[in-house]
Amino acid sequence: MVSLKFQKRLAASVLKCGRGRVWLDLNEGNKISMANSRQNIRKLVKDDFIIRKPTKIHSRSRSRRMKETKRKGHHSGYGKPKGTKKARLPTKVALDEENGVLRCLLHKYRESKKIDKHMHHDMYMKVKGNVFKNKRVLMKNIHKTKAEKAREKTLSDQFE
């Protein structure tokens, strides 16, 4: 078997591709080994003794299909998730969402005159400080505070 290293290099240069993409017809090895110039290589390319192989295809269809099933919630059981619980959903993000709900409730109550601006501010700062763990607890606290204020008012009216 004759070494065709030189011919392969020349062919790669002529075909404007890498040496890996050059295919030499080994049945015509003697004819190819005689080619010692670019002109001869071009002639062999024309006669299909030297061919530029097509590019390899790297299909993304499987990865797209996998992504689609993951979107539906599959492939997420034990042993699948990468990263800690807090890395996947940071507590800060969860708290921000929760606080948004509580702030929205406070805003709604203030708009409908259920609480005054002083109470709104007080509760808002408590929400910011993570005093209330959910909406129910916040509502309970609002009712309790309102009841206390009403009781104080009635007591102060009685003393006067």
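Is lysine 113 buried or exposed? Lysine 113 is exposed, with a relative accessible area of 71%. The model in which this value was computed is a predicted one.

## Lysine 113 and its loop

Lysine 113 sits in the loop that runs between H6 and H7. Its phi is near 60°. That is a positive value in a residue other than glycine.

Aspartate 116 belongs to the loop between helix H6 (91-111) and helix H7 (117-128) as well. Aspartate 116 is partly exposed, at 34% relative accessible area.

## How H6 meets H7

H6 and H7 pack at an angle of about 175°. Their axes are 10 Å apart. That angle makes H6 roughly antiparallel to H7. On the H6 side, the contact is made by Asn99, Leu102, Arg103, Leu106, His107 and Arg110. On the H7 side, Lys117, His120, Met123, Tyr124, Val127 and Lys128 take part. The residues of this contact divide into 5 nonpolar, 3 polar and 4 charged.

Histidine 120, found in helix H7, is one to look at in the structure. Histidine 120 is buried, because its relative accessible area is 11%, and buried means under 20%. Leaving aside neighbours within four places in sequence, histidine 120 is in contact with Leu106, His107, Arg110 and Ile115.

## Two salt bridges

How many salt bridges does the structure hold? The structure holds 2 salt bridges. Side chains of opposite charge can pair when their charged atoms come close.

One salt bridge joins the side chains of arginine 71 and glutamate 68, at 3.1 Å from N to O. Both residues lie in helix H4 (residues 61-71). They are 3 residues apart there, so about one helical turn separates them. Arginine 71 counts as exposed, at 57% relative accessibility. Glutamate 68 is partly exposed, at 38%.

Lysine 149 forms a salt bridge with aspartate 116. Here the closest N and O atoms are 4.0 Å apart. Lysine 149 lies in helix H8 (residues 135-159), while aspartate 116 is in the loop between H6 and H7, so the pair ties together parts that are 33 residues apart in sequence. Lysine 149 is partly exposed, with a relative accessible area of 42%.

## H1 against H3

Now turn to helix H1 (residues 5-15) and helix H3 (residues 38-46). They pack at an angle of about 75°, and their axes are 9 Å apart. That makes H1 roughly perpendicular to H3. From H1, the residues in contact are Gln7, Leu10, Ala11, Ser13, Val14 and Leu15. From H3, they are Arg38, Ile41, Arg42 and Val45. This contact divides into 6 nonpolar, 2 polar and 2 charged residues.

Which residues of H1 are buried? They are Gln7, Leu10, Ala11, Ala12, Val14 and Leu15. What covers them includes S1, helix H2 (29-34), H3 and strand S2 (50-52). Just after H1, lysine 16 takes a positive phi of about 55°.

## The nonpolar cores

The largest nonpolar core has 15 residues. Those with the most contacts inside it are Val22, Leu24, Ile32, Ile41, Leu44 and Ile50. H1, strand S1 (22-24) and H3 each supply at least two residues of this core. The largest share comes from H1, with 5 residues.

Apart from this core lies another one, of 11 residues. Met119, Met123, Val127 and Leu138 are among them.

Valine 22 shows what the surroundings of one core residue look like. Not counting residues up to four places away in sequence, valine 22 touches Lys8, Ala11, Ala12, Leu15, Cys17, Ile50, Ile51 and Lys53.

## Two more loop residues

Asparagine 27 lies in the loop between S1 and H2. Asparagine 27 is exposed, with a relative accessible area of 71%. Its C-alpha atom is separated by 8.9 Å from that of phenylalanine 49. The two residues are 22 residues apart along the chain.

Asparagine 130 is found in the loop between H7 and H8. Its phi is positive, about 65°, although asparagine 130 is not a glycine. Asparagine 130 is partly exposed, with a relative accessible area of 46%.

Conventions:
Residues are numbered from 1 along each chain as its sequence is written. This is a predicted model: local features need pLDDT of at least 70, side-chain atom pairs count only at pLDDT 80 or more; totals for chains, interfaces and linings use all residues. Side-chain values use heavy atoms; hydrogens and water are left out. Axes are lines fitted to C-alpha atoms, for helices over the stretch in contact, and angles run from 0 to 180 degrees between N-to-C directions. Helices (H or I, at least four residues) and strands (E, at least two) are DSSP runs, numbered from the N terminus. Angles under 35 degrees count as roughly parallel, over 145 as roughly antiparallel, 65 to 115 as roughly perpendicular and the rest as oblique. Contact means heavy atoms within 4.5 Å. Ala, Val, Leu, Ile, Met, Phe, Trp, Tyr, Cys and Pro count as nonpolar, Asp, Glu, Lys and Arg as charged, and the others, Gly among them, as polar. Buried means under 20% relative accessible area, exposed over 50%, partly exposed in between (1.4 Å probe, protein chains only). A nonpolar core is a set of buried Ala, Val, Leu, Ile, Met, Phe, Trp, Tyr and Cys residues joined through side-chain atoms within 4.5 Å.
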